[in-house]
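Hi,

Here is the structure I said I would pass on. Have a look at it first, and my notes come right after.

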Amino acid sequence: MATAQPHIWRIELFGGLRARAGTQTVDRFQTQKTAALLAYLAFYPQRRHLREELVDLLWPDAESEAGRHRLSQALVSLRAQLEPEGVAKNSILRADRQTVGLDPSVVTDVAEFEAALLFAKNQAGAEAVERLERAVTIYQGDLLPGYYEDWIITERQRLLDMVTGACRRLVQHYEQSHQFERALDYARRGLEIDPISEDLHVDLIRILAASGQRAAAQRHFREMERILIKELDEPPSPATKAVVEQILQNSAPPPSVRSGARVRETSLPSPLTRFFGRDAEITQAQSLLTSGKVRLLTLTGIGGGGKTRLAVEIAGRVAVDFSSAVWFAPLADLSDARSIPGAIAETLRLTPSADAPVLDQVIASLSAQPSLLVLDNLEHLVEAAAPIVREMLSRAPSLTILVTSRQRLGLEGEREISVPPLAAPIGSFKTTSMPVSPERLMEIDSIQLFVDRAQAVRPAFRVTAQNAAAIAQLCERLEGIPLVIELCAAWAQTLTPAQMLTQLTRRFELLVSRSVDIAPRHQSLRAALDYSYVQLHPDLQRFFGRLSVFRGGWTLAAAAAVGGDSFADTSAHVILEAITTLRERSLILADETEEGGAFRYRMLETLREFSAEQVPEDAREDLHRVHAEYLMTLAEAAEPEIAGGDQAPWLMRMEAEHDNFRAAMHWALESQSAEIGLRLAGALAYFWEARGYLGEGQEWLEKLLALPQGQTDALRRVRANALTGRGYLMRNQGASAGIDAVMEEALRLWREIGDDHGLAVTLQVLATLAYSREDCDLARVYLEEGLGLSRKLDDPMLVAQALMNLGNIALEQAEFPEAWKFYSDSLEIFRASKNRFRIAHVLNNMGLVSQYQKDYTKAYTLLQESLAICRELSGRAASATTLLNLGTLHRIEGRFAAAREMFSESVMVAQEVGERRLLVYIVKELGHMACSEHDYAAGVRLLAISQTLGRALALSFKPSDPTEIERDLDLARTALGDEAYDAAWNAGARLTLTQAFDEALKFTTPY
């Protein structure tokens, strides 16, 4: 059968929403929300959007399930329109269980518009003019008129500003070449688009006057007044009136007014390479510099971060606003701030005079008209330069200064724009399960820069399907730092991207330039970083080096604990001052935490590696020990809090430190520091359970427990706690191999030491292990002893945990009233202590009791409350369990689409966290649902998987098993016949755990 030709859709967003493919046009949609969904997907075509994100965007007031249902309905409707008969399904609208997006073949008028303007930005002459004209032609009206979503309103204004800017550039071009009719055309076109733009009105008046149409110019001024009063309820601004008066009097407009006068030559350097990205920073800087309210703007950032190049680009964009009185003074080579006035005088081409100081001459020259002065690379002179900058600004009221520096000047009225690294590949580009698209990759700023600089040394270089993944990983590891990208790209003449990746383990040796016209401080990555490092006080250098031990960032308290001894005075204000100084010098980054309570600090990996090199060899072991001991203390302090009522902030804090915990445990393994490693890992067990790191936590504990260890009571207590934690995680993950030996050793150690608390906790784990093996009598023996110890210790958490486990035993044996009583008693204790994590567990189990008693309304309420708490605490494993139980409710009541969604999300989380037990339960439920949908072959296969793996993991499906199993298998055998039934059963029974995951994913995929 011939393959259908794919539709090539062009989606138009300007002036309304339309989708065109050949002669077919779609401009009517099921609902406006359906149309808004298509518009959003088309406007951001390079992204795959999470379903939850789309629901929150389009149906923010809907319940989660209702919102997902509406999204599914909208997708079905769009699929019918975009993938009609003969078009392959999922070829245009790409949707899976988690994300939605459009195929890269879809084009939009907005993308074409922005591409034309991007080309024009980086070009000059006829090609730039042609692209500007194309962009204006593409713009057929406001973005999505009639739609009022927040993102549309924001983007509508941005695109409006872009098209009016393009019109003004065309007006300027044709005015300079005396093609006044063409200039008038674009001034009028701009006013059709934005009738209240005073700048465009002034452009039109000026060109009418310049072309001899003075009466028309006067008439248009009156028309402008009428329009602005009608639309804005206010007349033109005094500045606009002043420039129009000057025009109509046939004199040059004052330089303080934003006119379209012919651009004069400026002192800006002419870059020899293309510029990429930075749209947000450019837009912000343009707004500030032309507002008249900001006269000192400092661009700060890491060395090699592209501040100079950005400053040149910004200055070029605003040159017309300063009538081209824009001056660029490079200061990197100065060693004394007293030389700054002379460097500026040279930039201004002033002739030295014996009658006046150089600074006075400079100020007089800059005061002649509104001017923009760029002071480039001021960081090494900041302290002494600040008074000079202050004096220039105070004595030259029409002067604006743009500074590039690794730190701000600290002057009153100064505004700072931090220049971050360029956008680098993240998210879907990091996955190994899907090929990296060269086209999507080339939409990323850092990739564009890398490819452009690679082509400078190897013209044939391009992104291909073969090298795309390596280039994505390379630019991710280069962290978007322009200098680092350029130095690495220069190796394209001798290394492939994959080879560069392997060489990056020696990044400071690899990233060296052979160019003769690059500044010495940028000749190598090491030189760029040394340039900042040598300017630090020795104490601050030592502090900076000690911060390199952190992974994933650190808090102020952590910096004090690990790096505080760098200073003679270790008081809090000294540490804060040190952190502030490093942040001001762009050597560290500061991020506000999610709860907004404090800042968290971090280094780019490139800087972290450099700072680590500065730590003396003989001090490194001590540094890692101090770091590990601090984290051990933190984990031990967090352990009771996570079991108490203040769980959410502590779980969030522990998540933020997880990379630091990993680094500390890795050091403990390498250095064989068993006590520190085991105390740390043992204290993390509850965190690992709560956040679903079951497999990872178990692996750390296994490795650390294998280290040689002393035999004092204190050390045996540490080992016993770690063993209990490992057994707890193993049991929850369904890992049966070796668990008995682990728990027996833990039990023996606790009894030998005489630690009742540790013994009570271990008995709880042994009880859960016993009843999962259907040995409820042994489980009760463990629980009765553990409950007695817990009451003797007066430990309400352990008492409540024992009651919950007794409820679990009663539930398994279908003793529902007893189970409800045990759960209610434990819930009361957990609520009193505000232990929300355990509250969620008990609510989930009470939901099961209600389900088995066929009170589905109560079950649904309890499970929804449990799920809300799990999500609040980011408890992935617990969320997956509750989603499974909600899916079961939907399945029982025949809502199969809703059930499939719940099972789909549950199985994905189970796969992520390695929850093998949970997977078996999910597969069982999917088997029941398949039978309910009369897909008996799939049902038998899935039920065979669950039964086989359930036995291997010592799981019980009581109280629902074996009743439901027997019912569905009998129905399946009747429907299929013995031969087909046996084939399906054998096919399922042979599958491994990994294959079972794949089978579950296949059955839950919605498309």
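Below is what I found, going from the whole chain down to single residues.

First, a caveat: this is a predicted model, so please read everything here in that light.

**The chain as a whole**

You have 1007 residues in the protein chain, and 54% of them are buried. The chain has 47 helices and 14 strands. If you draw a box along the principal axes, the C-alpha atoms fill roughly 105 × 75 × 60 Å. For a feel of the separations involved, take Gly190 and Ala760: they are 570 residues apart along the chain, and their C-alpha atoms are separated by 78 Å.

On contacts, I looked at pairs at least 6 apart in sequence; 67% of these join residues at least 24 apart. The accessible surface of the chain is about 43700 Å², with 52% of that belonging to carbon and sulfur atoms.

**Inside: the cavities**

How many cavities of 30 Å³ or more are there? The count comes to 3. The largest cavity holds about 120 Å³ of space. It is lined by 14 residues, and those closest to its centre are Gly301, Ile302, Val419, Ser586 and Leu589. Sorted by class, the lining of this largest cavity has 10 nonpolar residues, 3 polar ones and 1 charged one.

**Salt bridges**

The structure holds 63 salt bridges. Side chains of opposite charge can pair when their charged atoms come close. I picked out three pairs and one network for you.

Start with Arg68 and Glu52, whose side chains meet in a salt bridge at 2.5 Å, N to O. Arg68 sits in helix α3 (residues 64-82) and Glu52 in helix α2 (residues 51-58), so this pair ties together parts that are 16 residues apart in sequence. What about burial for these two residues? Arg68 has a relative accessible area of 13%, so it counts as buried, the cut-off being under 20%. Glu52, at 33% relative accessibility, is partly exposed.

The second pair is Glu675 and Arg679, where the closest N and O atoms are 3.9 Å apart. If you wonder how that fits the cut-off, a salt bridge here needs the nitrogen within 4 Å of the carboxyl oxygen. These two residues are in helix α30 (residues 674-683), and being 4 residues apart, they are separated by about one helical turn. Glu675 is partly exposed, with a relative accessible area of 37%, and Arg679 is partly exposed too, at 27%.

The third pair joins Arg748 and Glu752, with a salt bridge of 3.1 Å from N to O. Both residues lie in helix α34 (residues 739-753), 4 residues apart, which is about one turn of the helix. Arg748 counts as partly exposed at 41% relative accessibility, as does Glu752 at 40%.

Then there is the network: salt bridges link Arg10, Glu12, Arg18, Arg20, Glu112 and Arg134.

**Backbone: positive phi**

Two residues other than glycine have a positive phi that I'd like you to look at. Asn377 has phi near 60 degrees. Where is Asn377 found? It is in the loop between β10 (371-376) and α15 (382-395). Asn377 is buried, at 6% relative accessibility.

The other is Lys854, with phi near 65 degrees. Lys854 also has its place in a loop, this one between α39 (836-852) and α40 (856-872). Is Lys854 buried or exposed? With a relative accessible area of 62%, Lys854 is exposed.

**Back to Gly190**

Gly190 came up above for its separation from Ala760, and its surroundings are worth a note as well. Gly190 lies in helix α7 (residues 180-193). Its relative accessible area is 0%, so Gly190 counts as buried. Which residues does Gly190 touch, leaving aside those up to four places away in sequence? The answer is Thr164, Cys167 and Leu200.

That's the set of notes from my side. Send me your questions once you've been through it.

Cheers

Note on methods
Residues are numbered from 1 along each chain as its sequence is written. This is a predicted model: local features need pLDDT of at least 70, side-chain atom pairs count only at pLDDT 80 or more; totals for chains, interfaces and linings use all residues. Side-chain values use heavy atoms; hydrogens and water are left out. On a 1 Å grid over the protein atoms alone, a cavity is a set of points where a 1.4 Å probe fits but cannot get out, and a pocket is an open set with protein on both sides within 12 Å along at least five of seven lines; lining residues have an atom within 4 Å of a point. Grid points are joined across faces, edges and corners, and a volume is the space filled by probe spheres set on the points. Ala, Val, Leu, Ile, Met, Phe, Trp, Tyr, Cys and Pro count as nonpolar, Asp, Glu, Lys and Arg as charged, and the others, Gly among them, as polar. Buried means under 20% relative accessible area, exposed over 50%, partly exposed in between (1.4 Å probe, protein chains only). Contact means heavy atoms within 4.5 Å. Accessible areas come from the Shrake-Rupley method with a 1.4 Å probe; for residues, only the protein chains shown count as cover.
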